[in-house]
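The following paragraphs lead through the fold shown below, beginning with one pair of facing residues and working outward to the sheet and the helices.

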Amino acid sequence: MSSGLCSVDFEIHGHVQGVCFRMYTEKEGLSLGCVGWVKNTNKGTVVGQVQGPKDKVYEMKVWLSKEGSPSSRITRAVFTNERDIPKLELSGFGTRF
């Protein structure tokens with residue numbers, strides 16, 4: 001029987017650094033009841049992972065690809081390694097450095 005949980009990795013391209021993107025991503029993830037992490041890369045993108053109920057992870061994917069932080073300009077969102085998981089592998093939502 002499926003637990004209804006999934007995990008997905010993401011990379012967001014565009015003007016996404018220096019615009020509080022990580023802070024807003026944490027806030028949005030927590031408000032949806034998801035867990036995960038987010039960090040800046042040295043190539044100007046933001047990467048991370050989101051885990052939670054499939055419908056909430058889907059909402060987070062839409063937010064990451066269309067909305068982001070108020071000052072960000074997202075040009076492309078890439079989602080990889082999407083998989084069903086039996087239980088959450090992370091706790092909370094944090095920024096990694």
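In this predicted model, a convenient place to begin is V38, which stands opposite G48 in strand 3. The two strands concerned, strand 2 (residues 35–40) and strand 3 (residues 46–53), run antiparallel and are joined by six bridges.

These strands belong to an open sheet of five strands, whose order is 4-1-3-2-5 and whose pairing is mixed. At its edges lie strand 4 (73–85) and strand 5 (93–95), each of which pairs on one side only, and from one strand to the next the twist averages 15°.

Helix 1 (residues 21–32) packs on this sheet, where it touches strand 1 (5–15), strand 2, strand 3, strand 4 and strand 5, and its direction makes about 170° with that of strand 5. Helix 2 (residues 54–67), for its part, lies across strand 1, strand 3, strand 4 and strand 5, and runs at about 160° to strand 4.

It remains to consider how the helices meet. Two packed helices are described by the angle between their axes and the distance between the axes. For helix 1 and helix 2 the packing angle is about 155°, with the axes 10 Å apart; because angles over 145 degrees count as roughly antiparallel, helix 1 and helix 2 are therefore roughly antiparallel to each other. Helix 1 passes helix 2 in a right-handed crossing, and the contact is made by F21, Y24, T25, E28, G29 and L32 of helix 1 together with K56, E59, M60, W63 and L64 of helix 2. By character, the residues of this contact divide into six nonpolar, two polar and three charged.

How values were computed: Residues are numbered from 1 along each chain as its sequence is written. This is a predicted model: local features need pLDDT of at least 70, side-chain atom pairs count only at pLDDT 80 or more; totals for chains, interfaces and linings use all residues. Side-chain values use heavy atoms; hydrogens and water are left out. Two strands pair if DSSP finds at least two bridges between them. Helices (H or I, at least four residues) and strands (E, at least two) are DSSP runs, numbered from the N terminus. Axes are lines fitted to C-alpha atoms, for helices over the stretch in contact, and angles run from 0 to 180 degrees between N-to-C directions. Contact means heavy atoms within 4.5 Å. Angles under 35 degrees count as roughly parallel, over 145 as roughly antiparallel, 65 to 115 as roughly perpendicular and the rest as oblique. A crossing is left-handed if the near helix is turned anticlockwise from the far one by less than a right angle, and right-handed if clockwise. Ala, Val, Leu, Ile, Met, Phe, Trp, Tyr, Cys and Pro count as nonpolar, Asp, Glu, Lys and Arg as charged, and the others, Gly among them, as polar.
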